[in-house]
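Please open the structure in your viewer and keep the sequence panel beside it. The tour below moves from one selection to the next and says what is to be found at each stop.

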Amino acid sequence: MSVVVRTVTRVILPVALAFGAYVIMHGHLTPGGGFQGGAVTASIVALLVVVYGGARLKGAKGWFAVLEDVGALAFVLLAFLGIGATFFRNVLAGSGGLFGAPVPQLGPNPGALDTAGTLPLMNWAVGLKVIAGLGSVVLLLSLFGREDG
Amino acid sequence: MTALHVLTLSLVVIGAALAIWFRDLLASVIALAGASLLLSLEFYLLQAPDVAIAEAGIGAALTAAIYILAIRKTRPKEEE
Amino acid sequence: MKRWLFLAAFLVLVGYLIGGGIWLHPFGVPARDEMDRYFIQNAQAEVAANNVVTSIVFDYRGFDTLGEATVLLAAVVGVALMLRKVKG
């Protein structure tokens with residue numbers, strides 16, 4: 001595409017990546033979560049594919065496949081963590097370990113990143129899955145019908 | 001507050017109508033993305049920020065990108 | 001004939017939509033709010049997450065999210081199957 005589009009893409013790329021990572025990482029504190037942040041990040045992949053062409057991103061196809069599988073497996077394994085009580089039991093919440101701190105106070109509070117048990121991990125798993133899934137859909141569509149696809 | 005809702009929803013309807021009305025498919029996709037973005041603003045006004053972020057990411061960016069990629073592979077004008 | 005049929009269907013649909021808009025349930029006043037109140041009062045203490053929506057999505061209603069993830073996986077696999085390279 002034109003040099004204007006390429007320059008604007010280079011400018012907004014880090015900002016949008018940071019926003020997507022923020023939405024995924026703070027899914028248990030602020031609005032958003034794995035799916036929303038993954039959609040934001042996957043829209044960056046779509047922007048790159050539209051602006052620079054899919055052929056230059058062809059090497060990412062295998063990575064996307066691996067990330068999709070890792071996300072799906074991590075999600076199911078995190079759900080199996082609580083199988084002692086029931087599927088999807090949040091065993092890490094309030095346990096004092098990883099992400100195990102209680103909320104600072106009930107009611108409105110600024111929140112701490114180290115809370116909510118398995119929720120942040122599941123957010124990351126679903127986020128990886130959504131980034132890889134939607135990104136590979138866009139990439140495959142752009143590579144369709146090419147000789148080098 | 002009600003006036004803001006009415007304005008946003010009217011703009012959504014106008015964007016959707018423009019998306020149907022345009023003969024140039026690229027302009028049609030841009031109008032659809034604009035309608036989607038305004039719809040996400042309406043979700044935000046209805047105090048559903050989660051849905052608003054998802055709508056902005058999926059509806060305004062990803063769908064438009066997929067349509068643009070599809071238009072590139074086919075004809076850019078609507079046929080009679 | 002076909003045009004009149006389409007016009008009648010269109011008018012019926014418009015009437016339904018206008019009626020739905022007129023007799024819409026008032027916003028912010030749910031008909032039954034037992035579950036809403038339970039989530040709002042207990043989610044923060046039980047799941048230790050500030051975002052009640054996320055605690056519903058990933059904890060209370062985790063199976064829904066599992067289904068959603070499965071739908072996404074199925075969609076991606078379908079696209080990859082449809083757009084694969086065919087030999088010959």
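How much area do chain C and chain A bury between them, and what percentage of it lies on carbon and sulfur atoms? In this predicted model, the two chains bury about 2500 Å² between them, with 70% of that area on carbon and sulfur atoms.

**Stop 1: the contact of chain C with chain A**

Select chain C together with chain A and display the residues in contact, which number 25 on chain C and 39 on chain A. Within chain C, pick out C:Asn50, C:Phe58 and C:Leu83, the residues that lose the most area to chain A and that together account for 25% of what the chain C side buries. If you then colour chain C by secondary structure, you will see that α2 (34–47), α3 (52–60) and α4 (62–82) each supply at least two residues of the side that touches chain A. The largest share of that side comes from α4(C), which contributes 11 residues. Colouring the residues on this side of chain C by class gives 14 nonpolar, 7 polar and 4 charged.

Next, turn on the side chains across this interface and look for charged pairs: the rule finds 0 salt bridges between chain C and chain A. Polar contacts are present, however, and the count is 6 residue pairs, with both partners at pLDDT 80 or more.

**Stop 2: chain A by itself**

Hide the other chains and view chain A, whose secondary structure comes to 4 helices and 0 strands, following the pattern α-α-α-α along the sequence. Its C-alpha trace spans about 55 × 30 × 15 Å along the principal axes. Of the 149 residues in chain A, 46% count as buried, and among the contacts between residues at least 6 apart in sequence, 67% join residues at least 24 apart.

Now select A:Val3, which is found in helix α1 (residues 3–25) of chain A. Is A:Val3 buried or exposed? A:Val3 has a relative accessible area of 54%, and it counts as exposed because that value is over the 50% cut-off. Add A:Leu81 to the selection and draw a distance between the two C-alpha atoms: A:Val3 and A:Leu81 are 78 residues apart in sequence and 50 Å apart in space.

**Stop 3: the contact of chain B with chain A**

Bring chain B back into view and start from A:Ser43, a residue of helix α2 (residues 34–52) of chain A. Why does A:Ser43 count as buried? Its relative accessibility is 15%, and A:Ser43 is therefore classed as buried, the cut-off being under 20%. Leaving aside residues up to four places away in sequence, A:Ser43 touches B:Gly57, B:Ala61 and B:Leu62.

Widen the selection from A:Ser43 to the whole interface, where 14 residues of chain B are in contact with 19 residues of chain A. Chain B and chain A bury about 1400 Å² between them, 78% of it on carbon and sulfur atoms. On the chain B side, highlight B:Ile53, B:Leu62 and B:Leu69, which supply 36% of the area that chain B buries against chain A, more than any other three residues. By class, the side of chain B that touches chain A has 10 nonpolar, 1 polar and 3 charged residues. A search for salt bridges across this interface finds 0, while the count of residue pairs in polar contact, both at pLDDT 80 or more, is 3.

**Stop 4: chain B and a buried glutamate**

Now show chain B alone, which has 3 helices and 0 strands. Its C-alpha trace spans about 40 × 20 × 10 Å along its principal axes, and buried residues make up 35% of its 80 residues. Of the contacts in chain B with a separation of 6 or more, 60% are between residues 24 or more positions apart.

Finish by selecting B:Glu55, which lies in helix α3 (residues 49–73) of chain B. Which side chain of opposite charge is nearest to B:Glu55, and how far away is it? The nearest is A:Lys129, 20 Å away, and B:Glu55 is buried yet has no salt bridge. What can be drawn instead is a polar contact of 2.9 Å between the side chains of B:Glu55 and B:Ser36. Not counting residues up to four places away in sequence, B:Glu55 touches B:Ser36, B:Leu39, B:Ser40, B:Phe43 and B:Ala60.

How values were computed: Residues numbered from 1 in each chain as written. Chains lettered and ligands numbered in written order. Heavy atoms only, no water. Contact = heavy atoms within 4.5 Å. Buried area = accessible area lost by both parts, 1.4 Å probe. Salt bridge = Lys/Arg side-chain N within 4 Å of Asp/Glu carboxyl O. Polar contact = N/O pair within 3.5 Å; in protein donor to acceptor, adjacent residues only side chain to side chain. Nonpolar A, V, L, I, M, F, W, Y, C, P; charged D, E, K, R; others polar. Buried < 20%, exposed > 50% of the residue type's maximum accessible area, 1.4 Å probe, protein only. Lys, Arg positive; Asp, Glu negative; His and termini not counted.
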